[in-house]
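Here is a friendly tour of one protein chain. Have the sequence and the 3D view side by side as you read.

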Amino acid sequence: MLILRRLLYALMLLYIGRTALFAIAGRSIDWLKVEKDCRRAIQLDNSSVKAHCTLGLALLQKQELDEGVDELQKALDLGRGANPKGYMIDEIWQELAKAKYLQWEHASSKRSWELQSLKEACETALKEKHFLDDSHPGSFSDEAIISHMKQLEVLSRVFKEAGEADIPGEVPDYLCCKITLDILRDPVITPSGVSYERTVILHHLQKVGKFDPVTREPLDHSQLVPNLAIKEAVQAYLDGHGWAYNTN
């Protein structure tokens with residue numbers, strides 16, 4: 001019962017938020033104990049979505065981003081395999097996306113610092129070369145200056161292009177759900193060839209009507225097929241543009 005109670009406390013973070021949880025529990029969560037209990041639960045049942053999810057949350061609280069992300073990813077994969085319509089899938093994805101975005105922020109800051117340091121070193125080297133070339137007898141100062149400026153322009157362009165992947169922008173339309181306009185996570189495709197987020201189109205079919213929102217053609221949930229090509233394309237895009245994990 002102790003393990004289940006602590007798991008429940010941690011899982012409630014997904015639904016009511018940390019402040020409300022503290023008010024209900026009357027104390028701060030001991031995340032070290034939560035982690036320990038979750039690892040024991042996983043030893044007993046490695047397919048437990050709740051155990052992997054809560055372990056991931058506990059690790060994130062300890063700032064262990066990489067392992068926390070791995071555990072949340074396991075929880076998401078297990079949840080989708082067991083019940084792709086399950087109520088926890090979207091909540092787990094939201095927590096995973098937040099953690100992935102933090103990973104990107106840390107890595108992006110490091111890359112930015114490294115690029116800037118390398119750029120400054122290259123600029124210094126070019127200036128020293130220009131000074132040495134210009135000091136030689138018979139050198140043409142005007143030509144040397146023009147050549148030096150062109151080299152600096154090229155250098156600036158190269159480093160700008162190197163950092164473009166870390167500049168937030170617009171996600172390509174074909175990677176976004178046609179209803180929410182958010183980046184797809186678990187895309188399905190209709191017979192009309194339109195891709196939607198699975199939970200979103202299922203909600204539409206249940207609450208709005210059994211038709212394709214874009215084409216207005218009749219549509220039943222049994223006609224939805226996982227769009228694996230788009231799913232792979234989305235993952236490839238996220239791998240190269242971590243800022244797209246930002247769900248705000």
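## Leu 181 and Arg 216: positive phi in loops

Leu 181 is exposed, with a relative accessible area of 62%; exposed stands for over 50%, buried for under 20%, and partly exposed for what lies in between (1.4 Å probe, protein chains only). Its place is the loop between α8 (141-162) and β1. The phi of Leu 181 is near 65 degrees, a positive value in a residue that is not glycine.

Arg 216 can be read alongside it. Arg 216 sits in the loop between α9 and β3, and its phi is positive too, about 70 degrees, although Arg 216 is not a glycine. Its relative accessible area is 56%, so Arg 216 counts as exposed.

## What kind of model this is

Please keep in mind that this is a predicted model, in which local features need pLDDT of at least 70, side-chain atom pairs count only at pLDDT 80 or more, and totals for chains, interfaces and linings use all residues. Residues are numbered from 1 along each chain as its sequence is written, and side-chain values use heavy atoms, with hydrogens and water left out.

## The chain as a whole

The chain holds 10 helices and three strands. Both kinds of element are DSSP runs numbered from the N terminus: helices are H or I with at least four residues, strands are E with at least two. Starting at the N terminus, the order is α-α-α-α-α-α-α-α-β-β-α-β-α.

Of the 248 residues in the chain, 37% are buried. Among contacts (heavy atoms within 4.5 Å) with a separation of 6 or more, 52% join residues 24 or more positions apart.

## The sheet and helix α9

How are the three strands ordered in the sheet? They form an open sheet in the order β2-β1-β3, with antiparallel pairing. The strands at the edges are β2 (195-197) and β3 (225-226); each has a single partner strand, so one side of each is left without a neighbour in the sheet. Helix α9 (residues 198-207) packs on this sheet and touches β1, β2 and β3, with its direction at about 90 degrees to that of β2. For such angles, axes are lines fitted to C-alpha atoms, for helices over the stretch in contact, and values run from 0 to 180 degrees between N-to-C directions.

Strand β1 (residues 187-189) pairs with β2 over three bridges in the antiparallel sense; pairing requires that DSSP find at least two bridges between two strands. Within this pairing, Ile 189 has Ser 195 in β2 as its bridge partner. In helix α9, His 204 is buried, with a relative accessible area of 9%. Leaving aside residues up to four places away in sequence, His 204 touches Ile 179, Gly 209, Phe 211 and Pro 213.

## Helix α10 and its two faces

Helix α10 (residues 228-240) has 13 residues and reaches 19 Å from its first C-alpha to its last, close to the 18 Å expected at 1.5 Å a residue; the expected span is 1.5 Å times one less than the number of residues. Its buried residues are Ile 230, Val 234, Tyr 237 and Leu 238. Seen down the axis of α10, the buried residues fall within an arc of 100 degrees, so they line one face of the helix. That arc is taken from the directions from the helix axis to the C-beta atoms.

On the face turned away from the buried side, α10 carries the exposed residues Leu 228, Ala 229, Glu 232 and Asp 239. Leu 228 has a relative accessible area of 55%. Leu 228 and Ile 189 are 39 residues apart in sequence, and 9.4 Å apart in space from C-alpha to C-alpha.

## Gln 63 between two helices

Gln 63 belongs to the loop between α5 (49-61) and α6 (65-82). It counts as exposed at 60% relative accessibility. Gln 63 and Ala 99 are 36 residues apart in sequence and 9.8 Å apart in space, C-alpha to C-alpha.

## Cysteines without disulfides

How many disulfides does a search of the whole structure find? The search finds zero, with a disulfide taken as a pair of cysteine sulfur atoms within 2.5 Å. For Cys 38, the closest cysteine sulfur is in Cys 53, 8.9 Å away and too far for a bond. For Cys 177, the closest is in Cys 176, at 8.6 Å, again too far for a bond.

Cys 38 is buried, with a relative accessible area of 0%. Cys 177 also counts as buried, at 1% relative accessibility.
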